[in-house]
Amino acid sequence: MSAEVSHGFSVVICVYTEDRWEDILAAVSSVHAQSLPALETLLVVDHNPTLLERLAREYKESVQAVRVLANAGPRGLSAGRNTGIAAARGGLLAFLDDDAVAERDWLHHFAAGYADPRVMAVGGRTMPAWASGGRPAWFPEEFDWVVGCTYKGLPEGKVRVRNVLGGNASFRREAFDAAGGFATGIGRDGDKRPLGCEETELCIRLAKALPEAVLLIDDRAVIHHKVPTVREGFGYFRTRTYAEGLSKALVARSVGAGKGLESERRYTTRVLPGGVLRGLRDAALWRPGGAGRAGAIVTGVAAAAGGYVLGSVRARRGGGSFTVAPIAAPSGTRENGAGQESEGREGATRE
């Protein structure tokens with residue numbers, strides 16, 4: 001392995017609510033149990049002083065390297081990740097959702113990908129952990145991205161991809177030096193509308209900044225992502241697919257529809273029709289959920305398309321924009337009562 005890989009991983013976990021207290025502790029514990037130890041774990045708290053202080057107390061005497069930081073940017077997941085990147089000491093950064101747990105060899109498989117110096121990002125496979133104990137019969141595997149998980153249609157094994165998925169991903173620090181951080185104004189902001197695509201936009205921007213860069217998914221790097229009961233319902237499914245369309249419109253407006261929708265075209269024209277046919281076949285054979293899955297796929301496509309159209313109109317009228325800020329070096333941080341908080345910088349607004 002390269003010297004940078006041996007330098008170690010900084011694992012960034014962004015958190016925002018005490019409602020996920022036990023999930024946060026489980027996520028941190030899964031990092032501490034890795035076969036390849038992390039250099040440090042950074043818990044970035046999104047504008048929640050009570051949670052910040054509680055986590056600072058929880059890990060004050062920890063024998064593991066855990067730092068609790070306040071999000072130094074605007075509210076939301078992207079700014080939280082950028083705060084973690086700025087404060088991280090590792091040459092490699094891994095991102096884990098606050099309601100997920102990583103399998104023991106998660107970081108080991110990430111590290112293997114960086115033996116090739118051209119590799120700038122490695123993602124993994126995210127498996128759903130359904131709160132009800134099992135997948136709803138109507139919920140199509142092709143839409144597992146709705147609940148933040150790896151979906152049917154992604155290539156298997158260790159393969160080159162356009163973008164990694166943000167809740168289970170890693171990057172070299174040089175990727176952020178070259179491309180800047182995650183864009184604010186695209187992704188999630190606490191419990192507001194479930195937008196996304198910030199990792200897609202970053203990866204496309206990275207490929208532009210470093211044309212020789214290689215981005216991989218290694219499906220041996222597995223995490224298990226909790227799916228709460230509210231996200232197992234059809235209402236959330238419809239809302240999330242619509243929000244995805246809104247986000248995709250912003251990305252396409254910035255990078256062009258060719259790159260912004262390249263993977264989505266293949267997914268829509270090849271993967272989803274097969275899912276509809278399987279659902280109809282299962283319905284014809286009286287298998288449970290077949291008609292529901294076919295209907296959900298059609299509904300999901302329609303909702304995403306509607307969101308994309310509306311988002312495109314808003315973007316053309318100047319109603320949609322996002323900000324990409326450079327990432328401060330680790331030395332550009334200041335101490336606070338619960339770790340280190342990175343200094344904010346202004347970035348350029350992209351519409």
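Two strands, β6 (119-130) and β9 (214-227), each supply at least two residues of the lining of the second largest pocket in this chain, which is a predicted model. Of the elements that contribute, β6 gives the most to that lining, with five residues. Altogether 17 residues line the second largest pocket, and those that lie nearest its centre are Arg-125, Thr-150, Tyr-151, Lys-152 and Glu-156. By residue class the lining divides into six nonpolar, four polar and seven charged residues, and the space that lies in the pocket comes to about 320 Å³.

Around this pocket stands a chain with eleven helices and 13 strands. Of its 351 residues, 54% count as buried, while the area that the chain exposes is about 15100 Å², with carbon and sulfur atoms supplying 53% of it. When contacts between residues at least 6 apart in sequence are considered, 79% of them join residues at least 24 apart.

How far the coordinates can be read depends on the part of the chain in question. The average pLDDT of the chain is 86, and 83% of the residues score at least 70. Over residues 1-6, however, pLDDT stays under 50, and the model has eleven contacts beyond four places in sequence for this stretch. Residues 331-351 likewise keep a pLDDT under 50, with 58 contacts beyond four places in sequence in the model. Where pLDDT is low, the predicted coordinates should not be read in detail. The contacts that the model has for residues 1-6 and for residues 331-351 therefore call for that same caution.

Terms used
Residues numbered from 1 in each chain as written. Predicted model: local features only at pLDDT ≥ 70, side-chain atom pairs only at ≥ 80, totals over all residues. Heavy atoms only, no water. Helix = DSSP H or I, 4+ residues; strand = E, 2+ residues; numbered from the N terminus. Buried < 20%, exposed > 50% of the residue type's maximum accessible area, 1.4 Å probe, protein only. Contact = heavy atoms within 4.5 Å. Areas by Shrake-Rupley, 256 points an atom, 1.4 Å probe, with all protein chains shown as cover. pLDDT = per-residue confidence, 0-100. 1 Å grid on protein atoms, 1.4 Å probe; cavity = no way out; pocket = protein on both sides within 12 Å on 5 of 7 lines; lining within 4 Å. Points joined across faces, edges and corners; volume = space filled by probe spheres on them. Nonpolar A, V, L, I, M, F, W, Y, C, P; charged D, E, K, R; others polar.
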